[in-house]
Amino acid sequence: MHPRLNIAKASPEAYKAVVALENYVQTSGLERRFIHLIKLRASQINGCAYCVDMHVKESRHDGLSEQWINLTCVWRESPVYDARERALLGWVDAVTKIAETGAPDADFEVLKQHFGEEEIAKITVAISTINVWNRLAVGFRLQHPIDAASKAA
């Protein structure tokens with residue numbers, strides 16, 4: 001697989017617009033763990049290796065446990081996530097797969113039990129933003145860095 005184009009060079013204004021959304025998400029006041037869950041889960045759903053790699057590393061850097069990070073892809077089967085995280089993950093799945101789900105009322109109702117309207121708006125913008133990044137990275141075949149190989153013990 002080879003990169004198709006560099007959006008920052010091809011259209012600096014388009015790239016700046018997406019970066020502005022990202023800057024909003026990062027300064028929105030959402031808890032870091034929620035931003036990590038949103039970014040990692042949506043990137044898994046969208047099959048974006050570049051973003052999964054990045055968000056796993058960022059989650060680790062911010063002190064989230066390996067188990068918490070590793071089980072996001074099977075969150076429904078794991079008790080490691082609290083009720084707020086589970087409500088958030090359900091909404092990430094619903095909004096990311098919106099063509100399939102239609103963003104069901106049931107998922108929204110669960111979300112409303114744990115978050116206020118302002119938080120829900122910010123969460124949904126964060127979900128939308130990572131979905132934009134995923135579509136750019138997958139569409140343009142952005143390649144994640146390859147870490148140095150480690151030796152087995």
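From the N terminus on, the elements of the protein chain run α-α-α-α-α-α-α-α-α, which amounts to nine helices and zero strands. The radius of gyration of the protein chain is 16 Å, close to the 15 Å that the globule rule gives for 153 residues, so the chain is as compact as a globular protein of that length. The model described here is predicted, and the points below go from the whole chain to its largest pocket and then to single residues.

**Overall build**

- Taken along the principal axes, the box filled by the C-alpha atoms of the protein chain is roughly 50 × 45 × 30 Å.
- Of the 153 residues in the protein chain, buried residues make up 35%.
- Among the contacts in the protein chain with a separation of 6 or more, 67% are accounted for by residues 24 or more positions apart.

**The largest pocket**

- The largest pocket has a volume of about 450 Å³, and its lining consists of 21 residues, of which Tyr15, Tyr50, Met54, Trp133 and Leu142 lie nearest the centre.
- At least two residues of this lining come from each of helix H1 (7-10), helix H2 (12-26), helix H3 (32-45), helix H4 (49-61) and helix H9 (117-139), and the helix that gives the most is H4, with five residues.
- By residue type, the lining of the largest pocket divides into 14 nonpolar, three polar and four charged residues.

**Two residues of helix H9**

- Asn131 lies in helix H9, and it counts as buried because its relative accessibility is 8%, where buried means under 20%.
- The side chain of Asn131 is joined to the side chain of Asn46 by a polar contact of 2.8 Å, and a polar contact of 2.9 Å joins the side chains of Asn131 and Arg135.
- Once its neighbours within four places in sequence are left aside, Asn131 is in contact with Ala42, Asn46 and Thr96, so that Asn46 appears both among these contacts and as a partner in a side-chain polar contact.
- Glu118 also has its place in helix H9, but Glu118 counts as exposed because its relative accessibility is 56%, and exposed means over 50%.
- Glu118 and Lys97 are 21 residues apart in sequence, and from C-alpha to C-alpha they are 22 Å apart in space.

**A buried aspartate in helix H6**

- Asp93 lies in helix H6 (residues 83-96), and with a relative accessible area of 5% Asp93 is buried.
- A polar contact of 3.1 Å joins the side chain of Asp93 to that of Trp75.
- Not counting residues up to four places away in sequence, Asp93 touches Arg41, Ile45, Trp75, Arg76 and Thr101, and Trp75 is thus listed here as well as in the polar contact.

**Positive phi outside glycine**

- Ala103, although it is not a glycine, has a positive phi of about 50 degrees, and its place is in the loop between helix H7 (98-101) and helix H8 (105-112).
- Arg141 is a residue other than glycine with a positive phi, in this case near 60 degrees, and Arg141 lies in the segment after H9.
- Arg141 counts as partly exposed, because its relative accessibility of 25% falls between the limits of under 20% for buried and over 50% for exposed.

Note on methods. Residues numbered from 1 in each chain as written. Predicted model: local features only at pLDDT ≥ 70, side-chain atom pairs only at ≥ 80, totals over all residues. Heavy atoms only, no water. 1 Å grid on protein atoms, 1.4 Å probe; cavity = no way out; pocket = protein on both sides within 12 Å on 5 of 7 lines; lining within 4 Å. Points joined across faces, edges and corners; volume = space filled by probe spheres on them. Helix = DSSP H or I, 4+ residues; strand = E, 2+ residues; numbered from the N terminus. Nonpolar A, V, L, I, M, F, W, Y, C, P; charged D, E, K, R; others polar. Buried < 20%, exposed > 50% of the residue type's maximum accessible area, 1.4 Å probe, protein only. Polar contact = N/O pair within 3.5 Å; in protein donor to acceptor, adjacent residues only side chain to side chain. Contact = heavy atoms within 4.5 Å. Rg over C-alpha atoms; globule rule 2.2 N^0.38 Å.
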